[in-house]
Amino acid sequence: MELESTIMELLVQAGTARSHALSALQQARKGDFIAAESAMSASKQAVSEAHKMQTELIGMDEGSGKLPVTLITVHAQDHLMNAMVIQDLATDIIALYRRLPTTGEQHA
């Protein structure tokens, strides 16, 4: 049961990280960079937690195929990878939003 719990928690943390990173982009689009930074910080924390679980799974496997590769395991890994890519892109896009003039206009 420990394996299934770890995989599900990895999936949850990766999804949380993705959601926070996308929220950060929405906040930056509105010009609220404090909220964007807060959301990115939460995203990074969730990825950190997910990475700990991923490391735990790798340790359980010991590089020798001891753990079964199931669809949910692959799905969780996919979510983590996507969350990390979205974080990287969000960081760059937020930096670009910061460069836009702040004339009170809303940028879509």
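## A buried glutamine in helix H3

Gln 87 is buried, with a relative accessible area of 9%. Its place is in helix H3. The model is a predicted one. Beyond its neighbours within four places in sequence, Gln 87 is in contact with Ala 21, Met 40, Ser 43, Lys 44 and Val 47.

Gln 87 has company. The buried residues of H3 are Thr 73, Ala 76, Leu 80, Ala 83, Ile 86, Gln 87, Ala 90, Ile 94 and Tyr 97. Where does their cover come from? It includes H1 and helix H2, the latter made of residues 33-61.

## Two helices checked by length

Helix H3 runs over residues 71-99. Its 29 residues should span 42 Å at 1.5 Å a residue. The end C-alpha atoms of H3 are 42 Å apart, which agrees.

Helix H1 covers residues 2-30. Its 29 residues should also span 42 Å, and its end C-alpha atoms lie 42 Å apart, in agreement. Just after H1 comes Gly 31, with a positive phi of about 90 degrees.

## How H1 meets its partners

Ala 14 lies in H1. Is Ala 14 buried or exposed? Its relative accessibility is 0%, so Ala 14 counts as buried. Leaving aside neighbours within four places in sequence, Ala 14 is in contact with Ala 50, His 79, Leu 80 and Ala 83. Leu 80 and Ala 83 are among the buried residues of H3. Ala 14 is also 10 Å from Met 53, C-alpha to C-alpha, although the two are 39 residues apart in sequence.

Gln 13 is in H1 as well. Gln 13 counts as buried, at 17% relative accessibility; the limit for that word is under 20%. Not counting residues up to four places away, Gln 13 touches Ala 46, Glu 49, Ala 50 and Met 53. Ala 50 is thus a contact of both Gln 13 and Ala 14.

Arg 18 is another residue of H1. At 36% relative accessibility, Arg 18 counts as partly exposed. Beyond residues up to four places away in sequence, Arg 18 touches Ala 83 and Ile 86. Arg 18 and His 79 are 61 residues apart in sequence, yet their C-alpha atoms are 8.1 Å apart in space.

## Salt bridges

How many salt bridges does a search of the whole structure find? It finds two. Side chains of opposite charge can pair when their charged atoms come close. In one bridge, the side chains of Arg 98 and Glu 37 meet at 2.4 Å, N to O. Arg 98 lies in helix H3 and Glu 37 in helix H2, so this pair ties together parts that are 61 residues apart in sequence. Arg 98 is partly exposed at 43% relative accessibility. Glu 37 is partly exposed too, at 47%.

Glu 49 forms a salt bridge with Lys 52. Their closest N and O atoms are 3.3 Å apart. This pair sits in helix H2, three residues apart, and is separated by about one helical turn. Glu 49 is partly exposed, with a relative accessible area of 25%. Glu 49 is also one of the residues that Gln 13 touches.

## Annotated positions in H3

Which residue does UniProt list for "active site"? It is His 75, in an unreviewed entry. UniProt also places the feature "modified residue: Phosphohistidine" at His 75, again from an unreviewed entry. His 75 is found in helix H3. At 35% relative accessibility, His 75 counts as partly exposed.

Asp 78 carries the UniProt annotation "binding site", from an unreviewed entry. Asp 78 lies in H3. Its relative accessible area is 36%, so Asp 78 is partly exposed.

## A nonpolar patch on the surface

Met 81, Val 85, Leu 89 and Ile 93 form a nonpolar patch on the surface. Together they have about 350 Å² of accessible area. Val 85 is in helix H3. Val 85 is partly exposed, with a relative accessible area of 41%. An α-helix has 3.6 residues a turn, so residues three or four places apart point the same way.

How values were computed
Residues numbered from 1 in each chain as written. Predicted model: local features only at pLDDT ≥ 70, side-chain atom pairs only at ≥ 80, totals over all residues. Heavy atoms only, no water. Patch = residues over 30% accessible without salt bridge, like charges linked within 9 Å, V, L, I, M, F, W, Y side chains within 5 Å. Areas by Shrake-Rupley, 256 points an atom, 1.4 Å probe, with all protein chains shown as cover. Salt bridge = Lys/Arg side-chain N within 4 Å of Asp/Glu carboxyl O. Helix = DSSP H or I, 4+ residues; strand = E, 2+ residues; numbered from the N terminus. Buried < 20%, exposed > 50% of the residue type's maximum accessible area, 1.4 Å probe, protein only. UniProt positions renumbered as here; feature names shortened; annotations may be inferred. Expected span 1.5 Å × (residues − 1). Contact = heavy atoms within 4.5 Å.
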